Amino acid sequence: MSNKQLMRLAGVLVAALVLWGGFAFARHARRDRAEGFVLPKVDTAAVDTIAFHQKGDSAVLARTPQGWRVNGFPATTTTVNELLQALDDTTNWSELAAEARSSQASMGVSADSGRHVRLVVKGGKGLSLVTGHSTSDYSGMYVRPAADSAVYALHGPLAEELGRGLDGWRDKTIVSVPPDSVQRVEVVHGRDSFTLARAGKTWKVGSAAADSGAVQSLLNQLHPAMALGFATAGAADSANFTRPTARVRVFGAGKTPMADLLFDSTATNVLVRADTGATVYTMEDWNLQQMAPSRKSILASTPKPR
């Protein structure tokens, strides 16, 4: 074989190697992106704002010296901490779901349909995402970095926390009264009214013994008393707390109530307000029956004579 032929063969081999290397790099790059996006490392202790915006609705969580607040109201500290912990959870993982911008709307992550999530870190790098629908198997949710067109399926604790409803960040605790501190409970429910009083290790309604299990159930409902949600401005304005459906006042050793709850039943739910605050909450009717039980249900049953 002549030198000229050897040179040609060597050139072909070099070209083949270059071509193979190019294909290998492209495949490697595609595989790297298909594995998902990497969440930036966030200093959760320095996060001072977490903002959610979607279709004119928003929830802005702000860290204050008194604790986290959402849109100016007390936030549920537990849920905020769960989100911050989820950011550092190593079990989060994602996979590339789509790269074309035309796929964003169907996955709920377009500029118009998605929920924009922004974490602001004081003096550090934050995070900006657009979240969308749940994945088809409901094991995750579609997300995309705000500055990217690619959409990923995110799985793990972070997906669960980012999928929380906007009103899920606000504290729904109406009151919280430790059972051991309660000495007396006054219940008015329609025409039924009674006073439940502690008598040593037992409870009585007047001179009649109360059922210990029923009393404990009532006290547990007050520690804490949790709402289903929050009344709309219109419902709160129309609530009749002047002549409430029910009222429950809880006393300790003093004369001032530790809790004073007013209830107004409507066609759809029950509105409740702690008399010390302006917030009107919603709850279901069965909650009302447990927090403002009837005299009959609270009394101990008398054994029938044989």
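How do strand 1 and strand 2 pair, and over how many bridges? That was my opening puzzle today. I looked it up: strand 1 (residues 47-54) and strand 2 (residues 57-64) pair in the antiparallel sense, over six bridges. I also picked out one pair of residues here: His 53 stands opposite Ser 58 in strand 2. Note to self: this is a predicted model.

**Entry: the overall count**

I stepped back to take stock of the protein. I found seven helices and 20 strands. The protein has 306 residues, and 37% of them count as buried. Then I checked the contacts with a separation of 6 or more: residues 24 or more positions apart account for 59% of those.

**Entry: the sheet with strands 1 and 2**

I wanted to see where my opening pair sits. Strands 1 and 2 belong to an open sheet of nine strands, in the order 4-3-2-1-6-7-8-9-5, with antiparallel pairing. Its edge strands are strand 4 (73-74) and strand 5 (93-98), each of which pairs on one side only. A reminder from my course: strands of a sheet pair through backbone hydrogen bonds, either parallel or antiparallel.

**Entry: another sheet**

I traced another open sheet of nine strands, with the order 14-13-12-11-17-18-19-20-16 and antiparallel pairing. Which strands sit at its edges? They are strand 14 (208-209) and strand 16 (229-230), and each pairs on one side only. Inside the order I zoomed in on strand 11 (residues 184-189) and strand 17 (residues 246-251), which run antiparallel and are joined by six bridges. One bridge I followed goes from Val 187 to its partner Val 248 in strand 17.

Next I clicked on Thr 282, which is in strand 20 (residues 280-283). Buried or exposed? Thr 282 has 10% relative accessibility, and the cut-off for buried is under 20%, so Thr 282 counts as buried. I then listed what Thr 282 touches, skipping neighbours within four places in sequence: Ala 227, Leu 228, Gly 229, Phe 230, Ala 231, Asn 269, Val 270 and Leu 271.

**Entry: helix 4**

Helix 4 covers residues 212-221, and I found Ala 214, Val 215, Leu 218, Leu 219 and Gln 221 buried in it. Why do these line one face of the helix? Looking down the axis of helix 4, its buried residues fall within an arc of 155 degrees, so they line one face. That fits what I was taught: an α-helix has 3.6 residues a turn, so residues three or four places apart point the same way.

What do the buried residues of helix 4 pack against? Among the strands I noted strand 11, strand 12 (192-199), strand 13 (202-205) and strand 15 (225-226). Helix 6 (285-291) and helix 7 (295-298) are also packing partners.

**Entry: backbone oddities**

I kept a rule of thumb in mind: most residues other than glycine have a negative phi, and most peptide bonds are trans. Then I went hunting for exceptions.

- The peptide bond from His 223 to Pro 224 is cis, with omega near -5 degrees. Pro 224 is in the loop between helix 4 and strand 15.
- Asn 71 is not a glycine, yet has a positive phi of about 50 degrees. I located Asn 71 in the loop between strand 3 (67-70) and strand 4. With 42% relative accessibility, Asn 71 counts as partly exposed.
- Tyr 138 is not a glycine either, and its phi is positive, at about 60 degrees. Tyr 138 is in the loop between strand 7 and strand 8. At 70% relative accessibility, Tyr 138 counts as exposed.

**Entry: pockets**

Last job: the pockets. The largest pocket has a volume of about 310 Å³. It is lined by 17 residues, and the closest to its centre are Val 38, Leu 39, Leu 87, Asp 89 and Asn 92. I sorted this lining by class and got nine nonpolar, four polar and four charged residues.

The second largest pocket has a volume of about 270 Å³. Of its 19 lining residues, Gly 132, His 133, Ser 134, Met 141 and Gly 163 are the closest to the centre. Strand 7 (127-134), strand 8 (140-145) and helix 3 (157-162) each give two or more residues to this lining. Which of them gives the largest share? Strand 7 does, with four residues. By class, the lining of the second largest pocket has four nonpolar, 11 polar and four charged residues.

How values were computed: Residues are numbered from 1 along each chain as its sequence is written. This is a predicted model: local features need pLDDT of at least 70, side-chain atom pairs count only at pLDDT 80 or more; totals for chains, interfaces and linings use all residues. Side-chain values use heavy atoms; hydrogens and water are left out. Buried means under 20% relative accessible area, exposed over 50%, partly exposed in between (1.4 Å probe, protein chains only). Contact means heavy atoms within 4.5 Å. On a 1 Å grid over the protein atoms alone, a cavity is a set of points where a 1.4 Å probe fits but cannot get out, and a pocket is an open set with protein on both sides within 12 Å along at least five of seven lines; lining residues have an atom within 4 Å of a point. Grid points are joined across faces, edges and corners, and a volume is the space filled by probe spheres set on the points. Ala, Val, Leu, Ile, Met, Phe, Trp, Tyr, Cys and Pro count as nonpolar, Asp, Glu, Lys and Arg as charged, and the others, Gly among them, as polar. Two strands pair if DSSP finds at least two bridges between them. The arc is that of the directions from the helix axis to the C-beta atoms.
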